[in-house]
Amino acid sequence: MAVAPLLALLLLFLSGPRRCSAAAAANSTSSPSSSPRPAPLVPALFVIGDSTADVGTNNYLGTLARADREPYGRDFDTHRPTGRFSNGRIPVDYIGNKAGLRGLLSILVQRHYIDGLCAAERLGLPFVPPYLEQNMRTGTADVGLTNIDGMIQGVNYASAAAGIISSSGSELGMHVSLTQQVQQVEDTYEQLSLALGEAAVANLFRRSVFFVSIGSNDFIHYYLRNVSGVQMRYLPWEFNQLLVSTMRQEIKNLYDINVRKVILMGLPPVGCAPHFLEEYGSQTGECIDYINNVVIEFNYALRHMSSEFISQHPDSMISYCDTFEGSVDILNNREHYGFVTTTDACCGLGKYGGLIMCVLPQMACSDASSHVWWDEFHPTEAVNHILADNVWSSQHTKMCYPLDLQQMVKLKL
């Protein structure tokens with residue numbers, strides 16, 4: 001399709017809601033109700049991160065950090081492994097649904113700009129796809145309708161084992177670091193601009209939400225392992241400043257391509273993960289204070305940076321979401337949330353299931369919903385759902401500052 005018609009489609013999307021035609025609705029195989037679904041609160045969701053947000057990027061890479069085998073995904077919508085490091089959904093899956101996100105073409109379908117697919121739209125929307133999947137499918141050189149249809153609703157760039165520092169996690173094999181992911185976002189901006197025009201894409205990015213969740217691997221696979229003697233060169237606070245300085249630069253790079261709404265996730269209590277409970281010899285399941293204290297310092301610096309950034313760029317909003325705070329609330333109130341254990345991984349071997357990673361279905365417990373931890377590092381779908389609720393509306397406990405996502409999407413920047 002030519003550039004002009006695509007631009008016209010985008011302008012129609014921005015102009016206001018319309019209904020599917022009676023003829024299209026009559027051909028629908030969905031529910032009898034002909035009322036259109038509510039308009040999305042934002043046009044797209046773009047995701048940057050590590051295994052906390054990866055939905056299949058690493059399936060296309062030569063790496064040990066892959067979740068494309070059972071029992072991963074056993075409780076997901078498809079009951080198959082997808083590349084998500086959980087038994088089911090991860091936070092971005094819930095957040096996308098809550099925000100009412102849907103692709104541009106799906107919206108146009110709903111509004112009867114493309115009648116023939118109206119029924120398909122009512123079957124539900126796909127999750128935001130991995131960037132590498134899009135490019136494997138269509139080729140990066142193709143900027144036609146097929147390619148942008150896969151990107152216009154958002155793209156997930158997250159890669160398991162990735163860190164803020166490019167070499168973090170490299171012992172596991174290939175990954176896409178923070179800097180490389182931001183470069184991919186810039187490539188997406190260019191691809192969409194060629195198809196839709198830069199003004200339209202600038203408006204799209206300005207109104208969309210960017211979700212950033214990365215940093216754990218800089219400790220798990222770099223600082224705590226003392227790679228290249230890093231602990232001799234940097235005290236924990238100095239290392240944290242290095243990480244946050246790098247993060248700030250990448251956020252500024254996103255700002256320069258019109259990104260204005262960012263959810264910036266802090267790190268979880270890494271010292272409570274089954275892997276470190278086993279490695280550090282926790283006797284009764286007590287968390288490893290040394291690790292958690294380093295993480296708390298990082299989170300403090302990250303929150304300070306985000307506040308400083310929006311004071312310097314008042315036409316932007318970065319909401320820092322304290323994953324540590326939300327996770328500790330779950331750990332301290334496990335019975336309230338319906339969890340039986342806060343220390344043992346559902347899938348793993350050794351004490352706390354933290355000695356060997358989850359590699360076989362036979363290693364998994366029967367009911368993951370009773371566990372906080374799915375494997376040696378990652379939470380279960382049940383925890384992901386709670387955290388997503390907090391990011392969206394502070395439903396269980398306040399995590400996001402200054403605004404939760406529900407408040408952010410209402411901002412006119």
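This passage goes through the disulfides, the nonpolar cores, an enclosed helix and a surface patch. The model is a predicted one, and residue numbers run from 1 along the chain.

Disulfides come first. A search of the whole structure turns up four of them, and three are described here. In general terms, a disulfide is a covalent bond between the sulfur atoms of two cysteines. Cys 272 pairs up with Cys 287, at an S to S distance of 2.0 Å. The S-S torsion of Cys 272 and Cys 287 comes out at about 110°, so this disulfide is right-handed. The pair ties together distant parts of the chain, 15 residues apart: Cys 272 sits in the loop between β3 (261–265) and α13 (274–279), and Cys 287 in the loop between α13 and α14 (289–312). The two ends differ in burial, with the cut-off for buried set at under 20% relative accessible area. Cys 272 is buried because its relative accessible area is just 4%, while Cys 287, at 27% relative accessibility, counts as partly exposed.

Next is the link between Cys 321 and Cys 400, whose sulfur atoms lie 2.1 Å apart. With 110° about the S-S bond, the link of Cys 321 and Cys 400 is right-handed too. This one joins strand to strand: Cys 321 belongs to β4 (residues 317–321) and Cys 400 to β7 (residues 400–401), and the pair links distant parts of the chain, 79 residues apart. Cys 321 has 0% relative accessibility and so counts as buried; Cys 400, at 0%, counts as buried as well.

Then there is Cys 347 with Cys 358, S to S 2.0 Å. Here the S-S torsion is 75°, and the link of Cys 347 and Cys 358 is right-handed. Cys 347 and Cys 358 both sit in the loop between β5 and β6, 11 residues apart. Both Cys 347 and Cys 358 are buried.

That loop also has a greasy side. Leu 349 is placed in the loop between β5 (341–345) and β6 (371–373), and Leu 349 is partly exposed because its relative accessibility is 41%. Leu 349 joins Leu 355, Ile 356, Met 357, Val 359 and Leu 360 in a nonpolar surface patch, and together these residues have about 480 Å² of accessible area.

On to the interior. In soluble globular proteins, nonpolar side chains tend to be buried together. In this model the largest nonpolar core runs to 103 residues, and those with the most contacts inside it are Phe 205, Phe 219, Met 247, Ile 263, Phe 276, Val 391 and Leu 405. Helix α14 gives the most to this core, with nine residues. Leaving aside residues up to four places away in sequence, Phe 276 touches Ile 220, Leu 224, Val 270, Gly 281, Ile 288, Ile 291 and Phe 377. Another core, of 14 residues, lies apart from the largest one, and its members include Ala 65, Phe 85, Ala 160 and Cys 365.

Finally, helix α3 (residues 91–98) is worth a look. Six of its eight residues are buried, so α3 is largely enclosed by the rest of the structure. The buried ones in α3 are Pro 91, Val 92, Asp 93, Tyr 94, Ile 95 and Gly 96. Among the elements covering these buried residues are strands β1 (45–49) and β2 (209–213), along with helices α17 (381–393) and α18 (405–408).

Methods: This is a predicted model: local features need pLDDT of at least 70, side-chain atom pairs count only at pLDDT 80 or more; totals for chains, interfaces and linings use all residues. Side-chain values use heavy atoms; hydrogens and water are left out. Patches are made of residues with over 30% relative accessible area and no salt bridge: like charges are joined within 9 Å, nonpolar side chains (Val, Leu, Ile, Met, Phe, Trp, Tyr) within 5 Å. Accessible areas come from the Shrake-Rupley method with a 1.4 Å probe; for residues, only the protein chains shown count as cover. A salt bridge is a side-chain nitrogen of Lys or Arg within 4 Å of a carboxyl oxygen of Asp or Glu. Helices (H or I, at least four residues) and strands (E, at least two) are DSSP runs, numbered from the N terminus. Buried means under 20% relative accessible area, exposed over 50%, partly exposed in between (1.4 Å probe, protein chains only). A disulfide is a pair of cysteine sulfur atoms within 2.5 Å. Contact means heavy atoms within 4.5 Å. A nonpolar core is a set of buried Ala, Val, Leu, Ile, Met, Phe, Trp, Tyr and Cys residues joined through side-chain atoms within 4.5 Å.
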